[in-house]
Amino acid sequence: MSEVKHIKAPFDKEVVKTLKAGDNVLITGTLIVARDAAHKAITEALARGVKLPVDFTNETIYYMGPTPAKPGQAVGSAGPTTSGRMDKYTKTMIEVGKISGMIGKGYRSKEVIDSMIKNCVVYMVAIGGAGALISQSIKKYEILAYPELGPEALARITVENFPAIIAIDSQGNNFYKVGQALYKKI
C-alpha cells in the first residue's frame, strides 16, 4: 500500500503530475460538486456562449448528490455518483473548463482518458457505499448555481482530509487495470 499523500484543493497541474495511479490521498480545501443535471446546464451554457457561474480553472469536480443534512452536519450522506454518467460532458469540462481533477466511482471512457492525458488531469475515486463516512470530512456546503436542481445543484464543499484513491493519473495509468491484472495471473 502506498503512503498517503496530503493535497490541498484546488490544485494546479504541477500537483497533478505528482499523483500516480494507486496513490491514496487526503484532500483538504474546496471541491466543486456537480452531477448529471449541473453538467448538462454547464455545457449548454458554454454552447450558448453564456458566462459560467464559476471559474473552473484548476478545480476538482466531485460527482456527488448529497442527502439532507442532519443537525450539526454540512450535508447528509455524500457518496460518489457513477462517473461514466458524466463522460458525455467531461471532455468539455476538461478542455474548456480547465479542471485539474474529478472524483467519482467507476470506469471512464477512452475519450475521457485521452483528454485527461492531453490536458494533465487526474481522476480519483471515493468509496461507493461510504457516503456517511465521507460526509464527516465535509465542513461546509454552499450552492453556487442552479438551485432549482436540488441535490444536483452546482455547489462548493469545504473538506478536511477527504479520502480518495488515484484511479487514473495524468499519464493514463489506470489503477483498475493494474489491480485486475494481479488477479488474472492467479
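## A tour from alanine 45 to arginine 108

Select alanine 45 to begin: its relative accessibility is 4%, so alanine 45 counts as buried. The cut-off for buried is under 20%. Keep in mind that this model is predicted.

Now show the secondary structure around it. Alanine 45 sits in helix α2, which covers residues 36-48. Display its contacts, setting aside residues up to four places away in sequence: alanine 45 touches Val50 and Leu52. Next, add valine 96. It lies 51 residues from alanine 45 along the chain, and 12 Å separates the two C-alpha atoms.

Zoom out and colour residues 11-177. The unreviewed UniProt entry places the feature "domain: Fe-S hydro-lyase tartrate dehydratase beta-type catalytic" there. Helix accounts for 28% of this span and strand for 26%. Pick the end C-alpha atoms of residues 11-177 and you will find them 26 Å apart.

Move on to arginine 108. Look for it in the loop between β4 (101-104) and α4 (110-119). Is arginine 108 buried or exposed? Its relative accessibility is 8%, so arginine 108 counts as buried.

Show side chains here. Which side chains make polar contacts with the side chain of arginine 108? One belongs to aspartate 87, at 2.7 Å. Another belongs to tyrosine 63, at 3.3 Å.

Finally, widen the selection to the contacts of arginine 108, leaving aside neighbours within four places in sequence. Tyr63 and Asp87 are in this set, together with Ser83, Gly84, Met86 and Thr90. Select Met102, Ile113, Tyr123 and Ile168 as well; arginine 108 is also in contact with these.

Terms used:
Residues numbered from 1 in each chain as written. Predicted model: local features only at pLDDT ≥ 70, side-chain atom pairs only at ≥ 80, totals over all residues. Heavy atoms only, no water. UniProt positions renumbered as here; feature names shortened; annotations may be inferred. Helix = DSSP H or I, 4+ residues; strand = E, 2+ residues; numbered from the N terminus. Buried < 20%, exposed > 50% of the residue type's maximum accessible area, 1.4 Å probe, protein only. Contact = heavy atoms within 4.5 Å. Polar contact = N/O pair within 3.5 Å; in protein donor to acceptor, adjacent residues only side chain to side chain.
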